[in-house]
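Reader: I should like to learn how the features of a protein model are read, one at a time. Would you take me through some of them?

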Amino acid sequence: MATSHKIPGWGPIRSLLCLAPLLIFVPWFAVRDLYALPEPVVALVNSETGLPQISEPQILAYVRHLSEDIGYRTVGTAEHALADKWMIETAYKIQRECERLVQVDPGRKLECEVWHQRGSGSHRFDMMGKRLYKTYADLTNIVIRVSDGTPEGKEDAVLVNAHLDSTLPSPGAGDDALSVGVMLECIRVLTHTPDWTPAHAVVFLFNHAEESLQDASHLFSTQHPIAHTIRAFINLEAAGNEGAELLFQATSEEMIRAYSQVPRPFGTVIANEIFSSGILLSDTDFRQFEQYLNVTGLDMAVVGNGYIYHTRQDLVDDIQPGVAQHMAENTLAMLRYLSSDASPLPSLTTGYTRPTTVFFAEFGHFVQYQFATARLMYGTLFSLSLAVAWTFCRERAPGSRSASFWAAQWNGTGALLVALGGALIGANGLAVIMHRFLGHNMSWFASERSALLLYGPAALCGMLTSQVVFPDVAERSVLSALLLMQSGGALALQMLGIGSACFLFLTAVALFVALSLDALLNPDIVVSLWTYALGLLVPLLTGTQMTYTVLDVFVPLTGRFGADAPAEHIIASIVAVMSSLAVPLVTPFSHRFSHRVRMNTVTILNIAIIAAVVAFSLRSPFDKRHQRRLFVLSSDNITSHERYLHIGAADGAPGFEQLVNDITANFGIVGTKAVREDMHDWNGDWDILYPFSAFMSPYKIPLPIEPGFVSPFATGERAFKVEAVNDTIDVFADERSLTLQITHPGIIWTVIAFDAHVLRWTLDDAPPNKRTRHHIKEASFFGVDRWSVDLVLQGTAPLTVNFIGIDEEAMWPGKKPAVAEGQGGHGGHVNMALFERLDGWLTRETSGCVDSMLLATVGGVVTV
């Protein structure tokens with residue numbers, strides 16, 4: 001039997017009661033600080049200073065007009081065109097107001113210029129490991145440049161960007177009307193501040209096609225006459241409607257320094273490195289500015305309550321009070337700095353270098369330092385930690401003078417690594433039970449933090465169980481080994497250029513101070529409880545905030561990860577790892593007590609796990625505020641004359657198959673069954689959502705066809721056609737040259753897909769040098785109904801083309817107002833009638849727990 005190193009002292013209950021205030025108050029304080037938002041300011045002008053100020057109601061008034069008065073602003077729709085009209089009128093009002101301000105104060109150097117850019121183009125847009133090509137026609141941008149009116153003042157500009165359009169199933173209050181309102185309010189405050197004179201121009205880009213895969217930002221970057229003056233950019237986005245906007249991309253030290261000027265920072269190098277890794281499978285206009293303008297920038301987004309992202313729940317009334325105020329005041333502070341004489345913009349004329357900066361925000365303060373400084377600090381801490389560990393462990397542990405100090409550290413390190421492995425095994429073992437055996441996976445979905453209640457005890461149980469079977473180790477050995485692991489890990493990661501090492505450094509500093517004070521002031525063999533209190537302070541603060549932020553992002557994401565994604569294990573692993581980081585002293589604390597105490601604790605935790613399993617097994621993953629996303633396409637194949645209802649979900653929660661069967665029974669042809677669809681690059685029925693469609697495991701249901709029904713898009717003036725024109729064959733070169741011409745009156749978001757070895761084409765990226773599958777997606781302004789692409793193909797054989805698009809008049813709930821007003825032809829429009837009935841049925845049968853996107857698609861297959 002291993003020798004016990006237990007030292008007499010307070011028992012576990014008394015010790016935990018002593019630490020309880022810390023364990024309760026510190027996380028409470030951390031959460032309170034994390035979600036703190038400013039009080040919304042109502043008045044447009046500060047009554048004390050007489051100066052303009054950010055007004056949240058003013059911002060939300062813009063948001064309400066865009067998301068409610070105009071509605072779903074999907075690219076290519078009539079509503080999209082209305083938003084364009086409103087925005088250009090608003091821009092010219094701003095220009096006239098600028099002119100009035102100068103007339104009132106003739107000595108003021110202020111100029112507002114407006115452009116209504118319209119253009120066409122193409123770009124390659126790889127996404128989710130898929131190669132994709134975009135083409136667009138007659139899309140628009142509204143651009144406002146605010147400057148001092150001099151050529152010198154316009155030479156180096158900062159761009160701030162938001163998009164006017166919304167995605168297919170959403171009115172887009174947060175995404176991205178909120179950012180539009182923020183930009184308009186910043187313009188008002190800046191231009192109405194009498195002593196503000198921009199040394200460098202600020203360009204406000206209201207781009208009008210982001211959700212169609214960043215077409216409008218590409219248009220500005222490649223074709224706008226002032227694009228060459230942009231030296232840096234700030235991109236404003238939203239993937240939620242609660243909490244502070246998160247800085248998650250920063251590509252230069254100059255822009256990180258600009259962000260340091262904000263009054264309420266919320267961003268870390270950790271978020272920057274996670275997003276840059278591509279693990280989130282998300283993207284913004286940031287990509288286009290970085291790729292085509294080759295300039296540095298910042299990417300910021302509201303991410304709290306990500307459940308509403310790209311759903312009909314993205315409503316202005318649900319934007320948390322203070323969100324708009326927070327984003328606008330931070331944006332305004334950066335624009336003041338970047339347009340001032342102290343701006344780094346002139347230094348960016350020759351490009352920029354990637355940052356080697358550690359940065360993070362803690363309790364309202366923004367901290368930044370260079371990688372070189374980090375290596376020096378972390379190396380110093382590791383060296384000092386070795387000395388403290390020697391004193392703390394070797395000089396105090398009983399019998400350690402004759403024992404090997406390094407052997408003790410090795411044993412302590414082993415205990416810590418086994419504990420981390422135990423936490424992961426415990427949490428993931430429970431994930432297997434919840435998913436594979438009980439069939440209650442994703443029971444935590446409706447509350448981001450509830451996963452802590454389910455998998456937290458399992459992780460802790462796994463951690464302590466590993467220590468039950470692990471040979472008994474001296475408490476001091478585990479504590480000193482933890483200090484060396486944290487400080488050494490911070491140094492090692494930083495040497496690899498990973499700025500996220502700062503978290504380990506911060507936690508190591510706290511433990512270093514705690515162990516140093518114990519070594520200096522505690523003459524007893526027993527480690528003081530104050531050592532645990534001091535050592536836990538920083539990891540509890542920073543770990544709680546990081547845990548909550550990570551769960552805020554990842555839990556809603558699991559609702560669109562796909563049915564095959566191991567969502568249960570992802571969340572279980574996140575809880576296990578984040579818990580280990582937030583309370584790293586659990587393992588050494590467990591070795592403060594006997595083997596029997598650890599066994600009893602494991603027993604208690606197993607009871608807690610059983611209780612949690614029972615409770616979570618009774619929960620539904622979804623509710624009215626945290627809904628399942630359902631993707632419904634009513635497809636009209638105008639070449640095979642078949643009609644199907646395609647139903648897909650992007651989550652792995654139970655109940656989807658039963659829901660499909662119920663829909664089939666109520667809306668399908670009597671006696672038919674839903675058929676599971678294979679998702680691959682050749683499934684053209686879902687090409688309008690390609691490549692996101694790869695996440696789904698959909699079904700299709702045959703729909704009844706009224707006798708004599710002929711699609712209005714099959715023939716006549718509204719015919720949806722793919723034709724080969726200018727078709728020539730070079731027999732000697734074995735090549736075929738043609739123009740694929742797509743005519744699509746009343747059809748938007750058209751997609752063509754075909755297999756060919758393309759030698760050359762008129763898209764802006766060279767095709768692969770082989771025969772392969774090509775997807776080309778189109779987006780155009782409302783009323784534009786034709787586009788084309790020139791191809792030179794290897795071989796002279798006929799070309800088979802899949803084509804599909806969305807009926808602009810048959811999008812539910814986007815076109816619901818038109819139905820209410822008697823527009824569009826609801827009386828004879830079979831799809832809108834179907835959608836209205838199906839949406840009502842879903843609401844009743846699921847108690848409002850489903851957010852459905854219902855679209856009518858038109859497509860087919862043609863050989864040219």
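Author: Let us begin with salt bridges, bearing in mind that this is a predicted model. The side chains of R312 and D851 meet in a salt bridge, with 3.7 Å from N to O. A salt bridge is counted when such a nitrogen lies within 4 Å of a carboxyl oxygen of Asp or Glu.

Reader: Where in the chain do R312 and D851 lie?

Author: This pair links distant parts of the chain, 539 residues apart. R312 belongs to the loop between β7 and α10, while D851 belongs to strand β20. Both R312 and D851 are buried.

Reader: How many salt bridges does the count come to by this rule?

Author: The count comes to 29 salt bridges. One of the pairs is E475 with R592, whose closest N and O atoms are 3.0 Å apart. Here too distant parts of the chain are linked: E475 is in helix α14, R592 is in the loop between α18 and α19, and 117 residues separate them in sequence.

Reader: Are E475 and R592 buried or exposed, and why?

Author: The term rests on relative accessible area, and a residue under 20% is called buried. E475 has a relative accessible area of 10%, so E475 is buried. R592, at 8%, is therefore buried as well.

Reader: Which residue forms a salt bridge with D651?

Author: The partner of D651 is R628, and their closest N and O atoms are 2.6 Å apart. This pair links distant parts of the chain, 23 residues apart: D651 in the loop between β11 and α20, R628 in strand β10. D651 counts as buried because its relative accessibility is 4%; R628 is buried because its value is 5%.

Reader: Which residues are linked in a network of salt bridges?

Author: A network of salt bridges links E111, E113, R145 and K154.

Reader: How is the packing of two helices to be read? What are the angle and the axis distance for α1 and α16?

Author: One reads the angle between the helix axes together with the distance between them. Helix α1 (residues 12–34) packs with helix α16 (residues 529–557) at an angle of about 30°, and their axes are 9 Å apart. Angles under 35 degrees count as roughly parallel, so α1 is roughly parallel to α16. The crossing in which α1 passes α16 is right-handed.

Reader: At what angle do α20 and α22 pack?

Author: The angle between α20 and helix α22 is about 135°, with axes 12 Å apart. These two helices are therefore oblique to each other. α20 passes α22 in a right-handed crossing.

Reader: Let us turn to the surface. Which residues form a nonpolar patch there?

Author: The patch consists of V513, L517, L520, L521 and L534, which together have about 480 Å² of accessible area. Its largest share, four residues, comes from helix α15 (residues 501–521). L517 is found in this helix, and its relative accessible area is 36%. Since buried means under 20% and exposed means over 50%, L517 is partly exposed.

Reader: What is the relative accessible area of A157, and in which strand is A157 found?

Author: A157 is found in strand β3 (residues 157–163). Its relative accessible area is 0%, so A157 is buried.

Reader: How far apart are A157 and S573 in sequence and in space?

Author: A157 and S573 are 416 residues apart in sequence, and their C-alpha atoms are 44 Å apart in space.

Definitions and conventions:
Residues are numbered from 1 along each chain as its sequence is written. This is a predicted model: local features need pLDDT of at least 70, side-chain atom pairs count only at pLDDT 80 or more; totals for chains, interfaces and linings use all residues. Side-chain values use heavy atoms; hydrogens and water are left out. Patches are made of residues with over 30% relative accessible area and no salt bridge: like charges are joined within 9 Å, nonpolar side chains (Val, Leu, Ile, Met, Phe, Trp, Tyr) within 5 Å. Accessible areas come from the Shrake-Rupley method with a 1.4 Å probe; for residues, only the protein chains shown count as cover. Buried means under 20% relative accessible area, exposed over 50%, partly exposed in between (1.4 Å probe, protein chains only). Axes are lines fitted to C-alpha atoms, for helices over the stretch in contact, and angles run from 0 to 180 degrees between N-to-C directions. Angles under 35 degrees count as roughly parallel, over 145 as roughly antiparallel, 65 to 115 as roughly perpendicular and the rest as oblique. A crossing is left-handed if the near helix is turned anticlockwise from the far one by less than a right angle, and right-handed if clockwise.
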